[in-house]
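Please look through the structure shown here, with a few questions in mind about how its helices, strands and cores are arranged.

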Amino acid sequence: MLDRRQFCLAGAGAAASLGGCRADVDTAHITGSFTGIQVERGHWMRDNLKSGRAWPAPARTFTTQVLIAGGGVAGLAAARALRLRGVDDFALLELEDTAGGNSRAGSITGLACPQGAHYLPLPGDDAPEVQDLLEELGLRTRVAGRWQYDERTLCHSPQERLFFNGEWQDGLLPVHGVGASTQAQYRRFAALVEQARHAAHWNMPVQNGRVALVQTALAAMTFVAYLDQNGLDDTYLRWYLDYCCRDDYGAGMAAVSAWAGIHYFASRHGFHAPGAESAEREGLLTWPEGNAWLARRLAAPLGERLHTGRVVLRMASTRSGVEVDAYNTATQSMERWNAAQAVVALPVFVAARVVQNPPDFLRQVAQKLAYAPWLVANIHIDQPLHDRPGAAPSWDNVLYGAGNGNGLGYVDATHQSLQTMPGPTVLSHYRALGDVLGGPADAAVGTAGRRLLLDRPWAAWRDTIVAELSTAHPDLAAKATRMDITRYGHAMAIPQPQANGQIGHWPSSNLRNALSKSERYPPRPVLAWERLRFAHADWAGYSVFEEAFTAGHAAGS
């Protein structure tokens, strides 16, 4: 590993590649801070576990029937499943001051804004658990034999646009001014996606389905290798596909598997070349606060069973049940929890550290996984921005080639508002740092991005982001008043190629079937060991709401 001085020098080069601040952009008046999550708590746990030092004896002991460790979407789904079963004697321990995992939110001057995941595609029949949740929340109702969604939560039009060649265009696929060869490659890739969709069923979530041989072949190679193999070398097509990979997986197409690259399209809306008759935009649900709207409604019924500010340090199976030690950040004291069973809704790398004498499959998966760091910057502007020619302001606004590919543009937090005149708003900028380069060649994917994310000062991030977005909005700096930045060092697992073509990280298909609780087809996997059940999107190998919620629901059912 690099020492701190070497890293800072390497980080300066990486920062330059991410986009520097233009000299003519004045940002000194823009206030703000790092917010959203307490990075120090996770590092306190890591450092204490690595040191091997003994922590103080528990000051208090609690007893419950089921203990859930982790209050992200999987943990909240497990809690909901327990309530549906009539199990009320449970407790959920969450590291942060609020539950939600990557689905959390804040506000600036009273305007709600996402600090993480910000939308949910309309779930298909492969995700019945998610469909049931949306029905329970009143977002989906049956009308005259058809399912209808609450129009207030469906993303309003216009949905997305791209700043390309000095103007805005509708949609995110570059089309204005591209040549015939580019158009031909768009059609070629669309045909390949359709071919893949006919050759196999692309489940979302994958844990509710079965895997075909064609999918395992794709899972063994990178997406770049697949494009090379099929002669798809067009610059504009590759930029778009790379953007899609960073948007869903936190890293570009050189890092993710070809299965992941195809799954992005095949499991949802397909890929439509410009001019295709069926080129309908994907329906999705979104709220000013993003997916925190869902997380808050999952957490609300828990009441006093939700215990925030708890750093889980040890989980052990005993003869009589499960024993969990956690540090209470409010009282600065240790707690011990005794339960008959526990749901481990923690990221796999954390679970491998806190589960005492962890099973081999947990160790092995923890060693395989690489995590993408993410940054979310919420920028308050006090008046509407002047717009460049082309497509009208949209919910999702992306700048072609911005930030060396790491900058993913911004969403407008007030896009769902019914206000007739534009006014102050919050622009939520996203930045995926899963494959930022720097450090030794054998360093794990995500390591350099994590170092850059945590060591770079808030003001440096502010200046970089404002300069990048000013390409499309020269008046942004003058109209911005505040920028709050949320950092996720291990935001999501990156679906890298697996030598054996494995999709997801369940120990084996036989174990999945043996541990299946349901007799229905396809079987629902319930990953368990002794008195512990594991539930997290990490086990699917990539991070989306559908995977996390389905895993948590299965663990609590």
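The questions and answers below concern a predicted model.

Q: How are helix α4 and helix α17 oriented to each other?
A: In this predicted model, the axes of α4 (residues 128–136) and α17 (residues 545–556) come within 9 Å and cross at roughly 90°. Angles of 65 to 115 degrees count as roughly perpendicular. The two helices, α4 and α17, are therefore roughly perpendicular to each other.

Q: Which residues in α17 are met by Glu129, Val130 and Leu133 in α4?
A: By class, the contact of α4 with α17 has four nonpolar, two polar and two charged residues. On the α17 side, the residues met by Glu129, Val130 and Leu133 are Phe545, Glu546, Phe549, Thr550 and His553.

Q: Which residue in β17 is the bridge partner of arginine 161?
A: Strand β9 (residues 160–164) runs parallel to β17, and four bridges join them, whereas β17 and strand β18 (residues 407–412) run antiparallel and are joined by two bridges. Both faces of β17 (residues 396–399) are covered, with Asp396 and Val398 buried on one side and Asn397 and Leu399 buried on the other. Aspartate 396 stands opposite valine 411 in β18, while the partner of arginine 161 is asparagine 397.

Q: Which helix gives the most to the largest nonpolar core?
A: The largest nonpolar core has 102 residues, and Phe271 is one of those with the most contacts inside it. Phenylalanine 271 touches several residues, including Phe189, Leu237 and Tyr240. With eight residues, the helix that gives the most to the largest nonpolar core is α8 (residues 235–249).

Technical notes. Residues numbered from 1 in each chain as written. Predicted model: local features only at pLDDT ≥ 70, side-chain atom pairs only at ≥ 80, totals over all residues. Heavy atoms only, no water. Axes fitted to C-alpha atoms, helices over the stretch in contact; angles between N-to-C directions. Parallel < 35°, antiparallel > 145°, perpendicular 65-115°, else oblique. Contact = heavy atoms within 4.5 Å. Nonpolar A, V, L, I, M, F, W, Y, C, P; charged D, E, K, R; others polar. Buried < 20%, exposed > 50% of the residue type's maximum accessible area, 1.4 Å probe, protein only. Pairing = 2+ DSSP bridges. Core = buried A, V, L, I, M, F, W, Y, C linked by side-chain atoms within 4.5 Å. Lists of a residue's contacts leave out its neighbours within four places in sequence.
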